[in-house]
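Please read these notes alongside the sequence and the structure. They are meant for a colleague who has not seen this model before.

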Amino acid sequence: MKKIIIAIDGFSSCGKSTMAKDLAKEIGYIYIDSGAMYRAVTLYCLENRLFNADGSIQEEALRQQMGQIQISFQLNPETQRPMTFLNGKNVEERIRTMEVSSHVSPVAALGFVREALVRQQQEMGKEKGIVMDGRDIGTAVFPDAELKIFVTASAQIRAQRRYEELKAKGQEASFDEILHNVEERDRIDQNRTVSPLRKADDAILLDNSEMTIPEQKEWLKEQFEKATHASH
Ligand SMILES: Nc1ncnc2c1ncn2[C@@H]1O[C@H](COP(=O)(O)OP(=O)(O)OP(=O)(O)O)[C@@H](O)[C@H]1O
Ligand SMILES: Nc1ccn([C@@H]2O[C@H](COP(=O)(O)O)[C@@H](O)[C@H]2O)c(=O)n1
């Protein structure tokens with residue numbers, strides 16, 4: 001069967017990567033978490049002191065160093081989940097911290113950062129057979145994707161899900177801090193000049209506030225089957 005491109009966009013922490021990963025595994029597609037790439041660049045900035053004391057970014061220094069930032073993915077052989085590597089180091093855990101979450105959206109608003117990462121994402125999808133999740137996949141990275149989904153859920157529900165995830169991992173977390181971070185990232189992502197977060201006109205909207213993980217997985221599989229039938 002001819003392979004397609006599946007673009008899953010939406011608000012932060014709404015379950016995009018959970019559903020994208022599950023579907024990719026089931027249908028034998030590559031899964032790419034584009035947010036992990038923006039997080040890896042942010043971690044690089046934190047580790048290389050490219051944030052000023054007031055939280056602003058040393059843009060010129062980052063622009064010059066972009067060529068030195070190599071991001072790649074490898075499957076964890078035990079979990080079969082993708083792990084993110086930054087310049088050869090496994091940073092999967094570190095890019096998920098609140099410190100990275102609270103610095104990532106301003107980094108992702110920089111045009112030269114987006115240009116570099118979008119180029120790599122398009123290269124990853126050139127053979128199709130890919131599920132990619134993010135904020136601009138259906139609008140900017142793959143505007144011709146055969147299947148586009150836009151996911152949302154209430155901010156309270158999204159923060160609660162993230163809070164429970166961090167608690168289960170044994171990480172210190174405050175519900176209010178997570179809620180603030182989710183809302184703040186949505187605000188910056190929707191209002192930036194370059195590729196702001198928005199639903200593509202031809203994307204299917206999914207509000208999964210009242211859905212379980214198995215229900216949304218089933219729903220996405222149905223959309224995939226419809227899209228693959230339609231493209232033959
Ligand atoms: N329908 C659901 N019901 C309950 N919990 C869910 C549901 N979907 C996902 N989750 C949980 O919500 C949390 C956030 O999910 P996930 O990481 O997939 O979101 P995301 O949209 O990819 O987030 P981000 O934008 O930060 O990358 C995870 O702990 C996940 O297990
Ligand atoms: N295509 C994308 C993906 C992500 N971002 C930015 O990165 C942040 C982290 O992404 P998560 O999916 O891990 O939450 C996100 O808040 C965006 O600022 C992006 O701009 N474009």
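The points below take up the sheet, the helix lying across it, and the surroundings of the two ligands.

1. This is a predicted model, in which local features need pLDDT of at least 70 and side-chain atom pairs count only at pLDDT 80 or more, while totals for chains, interfaces and linings use all residues. Residues are numbered from 1 along each chain as its sequence is written, and chains are lettered from A and ligands numbered from 1 in the order in which they are written.

2. An open sheet of 5 strands runs in the order S2-S6-S1-S7-S8 with parallel pairing, where strands (E, at least two residues) and helices (H or I, at least four) are DSSP runs numbered from the N terminus, and two strands pair if DSSP finds at least two bridges between them. At the edges are strand S2 (30-33) and strand S8 (204-207), each of which pairs on one side only. From one strand to the next the twist averages 20°, with axes taken as lines fitted to C-alpha atoms, for helices over the stretch in contact, and angles running from 0 to 180 degrees between N-to-C directions.

3. Strand S7 (residues 147-152) pairs with S8 in the parallel sense over 4 bridges, and Ile149 has Ile204 as its bridge partner in S8.

4. Helix H1 lies across strand S1 (5-10), S2, strand S6 (130-134) and S7, and runs at about 175° to S6. Lys16 is found in this helix, H1, and counts as buried because it has 27 C-beta neighbours inside 10 Å; the cut-offs are 20 or more for buried, 12 or fewer for exposed and partly exposed in between, with C-beta atoms placed from the backbone. Leaving aside neighbours within four places in sequence, Lys16 is in contact (C-beta atoms within 7 Å) with Ile8, Gly10, Asp133 and Val151.

5. Ser17, also in H1, is buried with 21 other C-beta atoms within 10 Å, and, with the same sequence neighbours left aside, Ser17 is in contact with Asp33 and Asp133. The UniProt annotation "binding site", from an unreviewed entry, covers residues including Lys16 and Ser17; such annotations may be inferred rather than shown by experiment.

6. Around ligand 1 there are 17 residues, the closest being Gly15, Ser17, Thr18, Arg161 and Glu165, where a residue counts if its C-beta atom, placed from the backbone, lies within 6 Å. Helix H1 (16-27), helix H7 (155-168) and helix H9 (213-230) each give two or more residues to this shell.

7. Of the 14 residues around ligand 2, Gly35, Tyr38, Ala108, Gly134 and Arg135 come nearest. H2 gives the most to this shell, with 4 residues.

Conventions. Contact = placed C-beta atoms within 7 Å.
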